[in-house]
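Student: Could you go through the charged pairs in this one with me? I'd like to take them one at a time.

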Amino acid sequence: MASPSFLKMATVTASTKRSSMSGALRGTPTTNLTGVICLPLDPVSAETMTRLKLDSGYEVRQTYVDAALDIKEGDVLVVSGVDYEIRAVAEWVWRGAQYLNLILIQSKA
């Protein structure tokens with residue numbers, strides 16, 4: 001469960017989408033979770049982009065959510081109507097509580 005300090009900083013409400021799989025075919029992403037509380041999206045450091053081998057032709061952001069949520073790599077996080085592909089999910093412990101660090105990419109259209 002998220003700490004009171006985290007909940008004060010988590011001012012963004014998002015939702016997630018997940019693609020269904022049928023054999024080797026991936027379906028269109030549909031809503032999976034709603035009312036996801038997260039920290040505001042922040043830029044990812046150059047070090048993180050290098051470590052994850054992310055192409056610089058993308059807007060790369062990160063956020064944190066409660067670790068109890070069913071969020072995995074390949075899901076889509078929707079914030080203010082903008083879709084961000086979740087490229088990496090890592091566990092993160094802060095003040096004794098567990099969270100997920102989400103690395104997000106939005107294509108530059």
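Student: What do the side chains of Glu85 and Arg87 form?

Tutor: In this predicted model, the side chains of Glu85 and Arg87 meet in a salt bridge, with an N to O distance of 3.9 Å. Glu85 is partly exposed at a relative accessible area of 37%, and Arg87 is likewise partly exposed, at 32%.

Student: And how many salt bridges are there in the whole structure?

Tutor: A search of the whole structure finds 4. One of them joins the side chains of Asp83 and Lys17, at 3.2 Å from N to O, and this pair links distant parts of the chain, since Asp83 lies in strand β8 and Lys17 in strand β1, 66 residues apart.

Student: What about Asp75, which residue does it form a salt bridge with?

Tutor: Asp75 pairs with Arg18, their closest N and O atoms being 2.8 Å apart; Asp75 sits in the loop between β6 and β7, while Arg18 belongs to strand β1, 57 residues away along the chain.

Student: Is Arg18 buried or exposed there?

Tutor: Arg18 counts as buried, because its relative accessibility is 18% and the cut-off for buried is under 20%. Asp75 is buried too.

Student: Which other side chain does Arg18 join in a polar contact, besides Asp75?

Tutor: That is Asp70, through a polar contact of 2.9 Å between the side chains. Beyond its sequence neighbours within four places, Arg18 is also in contact with residues including Thr28, Pro29 and Asn32.

Student: Changing topic, which element has the lowest mean pLDDT?

Tutor: Strand β2 has the lowest, at 68, whereas β1 has the highest, at 97. Where pLDDT is low, the predicted coordinates should not be read in detail.

Key:
Residues are numbered from 1 along each chain as its sequence is written. This is a predicted model: local features need pLDDT of at least 70, side-chain atom pairs count only at pLDDT 80 or more; totals for chains, interfaces and linings use all residues. Side-chain values use heavy atoms; hydrogens and water are left out. Buried means under 20% relative accessible area, exposed over 50%, partly exposed in between (1.4 Å probe, protein chains only). Contact means heavy atoms within 4.5 Å. A polar contact is a pair of N or O atoms within 3.5 Å; within protein, one must be able to donate a hydrogen and the other to accept it, and residues adjacent in sequence count only if both atoms are side-chain atoms. pLDDT is the predictor's confidence in each residue, from 0 to 100. Helices (H or I, at least four residues) and strands (E, at least two) are DSSP runs, numbered from the N terminus.
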